[in-house]
Amino acid sequence: MALIKTPSDIKTLKRGGAILSDILRHAAGACRVGTSTLELDRMVRDEMVKAGGKPSFLGYRISSEDPPYPSAVCISVNDEVVHGLAEPERFLQDGDIVSLDVGMWYEGLATDMATTVLIGDVKPDVKRLVADTRDALVCGLKAVKAGATVADIGAAIEDRLLPGGYGIVRDLVGHGVGHDVHEEPQIPNYREPRAPRVRLEEGMVLAIEPMVALGSWKVHMKDDGWTIVTKDGSPAAHFEVTIAVTKKGYDLITPWPDR
Ligand code: MF3
Ligand code: CO
């Protein structure tokens, strides 16, 4: 299993991750009432190419039967959890929450990150969902260090979210990343006793990404073959960073876009 990246790979990943974070910050800053999803996608695409990178989601297939993903940025609004599409005539509206998820190839290596943005006047319970999901990712990161396990990450995220009564999405999980868009191991955002026990090792590069609904955790795919929505129509938030595991903790590969 090629799970361990070399120090030189990690340096390259960090350069790509810094660029990706800047691009996500610009895209998040461009989100307001009336913003066109298609323009957001074009902006992200252009900035990646200008920086010497390549969008890693554009044309991506999760399995060989899937249609290729048509956008550079996944734009998931309200009840859309992940993999929402940039489309003509799709504009952001007052009160929306929008997850922007971006991935980029840079010098042969892939990084992956996401943030959720508030548009205009968002209801207090939905605002709280977004803030708690971000904080759950922070809690998950605190569980990371060589010698801990993948399960410790999910347990920390679950412990942060369950008191709030949220639904933690179970059908989608975090993942290794770097040589591919998705690598082993899978990283559930909840306790999964049946999962194989994977120990974290220095040099593993992981994308940790809690996806959390205000209502039930149950999701399904829309007819477009990509967009994952909550079954009960409740809004969902999503945050993601790429990190490298170190002896004592982790190195952030994709700096937080909101700091
Ligand atoms: N960060 C998302 C994930 O890891 C991006 C998926 S890429 C897509 O699942 F191309 F499948 F949309
Ligand atoms: Co990801």
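**Notebook: cobalt site and largest pocket**

I began with the spacing of the donors of the cobalt ion (ligand 2), which runs D-x62-H-x33-E-x30-E along the chain. I note that the model is a predicted one.

I then looked up which protein atoms these donors are. I found Asp112 (OD), His175 (NE2), Glu209 (OE) and Glu240 (OE), at 2.2 to 2.3 Å from the cobalt ion (ligand 2). I placed the pair Glu209 and Glu240 on the chain: Glu209 sits in the loop between strand 9 (205-208) and strand 10 (211-213), and Glu240 in the loop between strand 13 (236-238) and strand 14 (241-245). The two are 31 residues apart and link distant parts of the chain.

I checked the geometry next. The six donor atoms around the cobalt ion (ligand 2) subtend angles of 66 to 170°, and the arrangement is therefore irregular. For reference, ideal angles for six octahedral donors are 90 or 180 degrees.

I looked up the accessibility of both glutamates. Glu209 has a relative accessible area of 7% and is therefore buried. Glu240 also counts as buried, at 1% relative accessibility.

I turned to the largest pocket, whose volume is about 980 Å³. Its lining comprises 47 residues, of which Leu172, Val173, Gly174, His175 and Gln186 are the closest to the centre. I recorded again that His175 is a donor to the cobalt ion (ligand 2), through NE2.

I listed the elements that each supply at least two lining residues: helix 4 (150-161), strand 7 (174-176), strand 8 (183-187) and strand 11 (219-221). Strand 8 gives the most, with four residues. By class, I noted 26 nonpolar, nine polar and 12 charged residues in the lining of the largest pocket.

Key: Residues numbered from 1 in each chain as written. Chains lettered and ligands numbered in written order. Predicted model: local features only at pLDDT ≥ 70, side-chain atom pairs only at ≥ 80, totals over all residues. Heavy atoms only, no water. Donors = N, O, S within 2.8 Å, 3.2 Å for Na, K, Ca; no water. Tetrahedral: all angles 85-135°; square planar, octahedral: opposite > 155°, others 65-115°. Buried < 20%, exposed > 50% of the residue type's maximum accessible area, 1.4 Å probe, protein only. 1 Å grid on protein atoms, 1.4 Å probe; cavity = no way out; pocket = protein on both sides within 12 Å on 5 of 7 lines; lining within 4 Å. Points joined across faces, edges and corners; volume = space filled by probe spheres on them. Nonpolar A, V, L, I, M, F, W, Y, C, P; charged D, E, K, R; others polar.
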